[in-house]
Amino acid sequence: MTPVDLVIAPDPERAAAAATGILVECARHGGHVALAGGSTPRHAYELAAAAEPDWSRVELWLGDERCVPLDDERSNLRLVRETLLARLDRQPTVHPVRTELGAVDAAAAYDEALRGVVLDLAFLGLGDDGHTASLFPGSPALAETERRVVAAEAGLAPWVERVTMTIPMLASARRVVFLVTGAAKAEAARRAFGDVPSAETPASLARSARGETLAILDHEAAVNLA
Ligand code: 6PG
């Protein structure tokens, strides 16, 4: 497991810009990219679309998805569509989670689709309870050692079942990058990036095994890490 490199930006705008640089580099290089949902990455996705409107070399996955129709406002793919895909000139190959199957079967189908895939980038968020993707504190999903994707319980709002990449899938990524902003995340960030790994803080377990793990934080989120 590689240590986490911290990039501490003075404000959320510059944290988003740092994340954008990585997304753009991946879009230009091409490869397999898994994106996060949640609200934090919205601006980085918009900036990345503006900076590089050709994502045709990318195979796009979701690190996790909520089991709702893909046009539901809680859908992570909908977020990615609105902030990134709708703004591109050339589309990546998008791999939606088949949420219409229900969480268990959708996870099995996504697991199969990811067979043999090595992510060039796993782009992740951090919840203020320490979760990442839909890997919640103390979840049985954290014990998974074989499957790339599993169904997961709703650990937080929105209270819908989830489909999530597992720790082994994230660990196999060449690059794991977190984007974390805001004072509400400061304690979770300390536990995720400045403390011993623990199932109580799932993000502390999400590390590239052989590549790079980077956490991009704004000043407020990083206040306990300096
Ligand atoms: C999800 C996400 C999740 C997210 C964190 C942070 O589906 O909810 O993928 O892991 O990254 O909850 O969310 P915010 O950026 O909204 O704080």
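**Notebook: ligand site and sheet**

I looked up the ligand contacts and found a backbone N or O atom of Ser39 at 2.7 Å from an oxygen atom of the ligand; a polar contact is a pair of N or O atoms within 3.5 Å. I note that the model is predicted, that local features need pLDDT of at least 70 and side-chain atom pairs pLDDT 80 or more, while totals for chains, interfaces and linings use all residues. Residues are numbered from 1 along each chain as its sequence is written, and side-chain values use heavy atoms, without hydrogens and water.

I then read that a polar side-chain atom of Thr40 lies 2.5 Å from a ligand oxygen atom. For Ala133, a backbone N or O atom is 2.6 Å from an oxygen atom of the ligand. The protein covers 87% of the 410 Å² of accessible area that the ligand has on its own (Shrake-Rupley method, 1.4 Å probe).

I checked which residues surround the ligand: there are 14, and Thr40, Asp64, His131, Ala133 and Lys185 come nearest (near: a heavy atom within 4 Å).

I turned to the fold and recorded an open sheet of seven strands with parallel pairing, in the order E1-E10-E9-E6-E2-E3-E5 (strands are DSSP E runs of at least two residues; a pair needs at least two bridges). Strands E1 (4–9) and E5 (93–94) stand at the edges with a single partner strand each, so one side of each has no neighbour in the sheet.

I looked up E2 (residues 31–35) and E3 (residues 58–62): five bridges join these parallel strands. His32 has Glu59 as its bridge partner in E3.

Key. A polar contact is a pair of N or O atoms within 3.5 Å; within protein, one must be able to donate a hydrogen and the other to accept it, and residues adjacent in sequence count only if both atoms are side-chain atoms. Helices (H or I, at least four residues) and strands (E, at least two) are DSSP runs, numbered from the N terminus.
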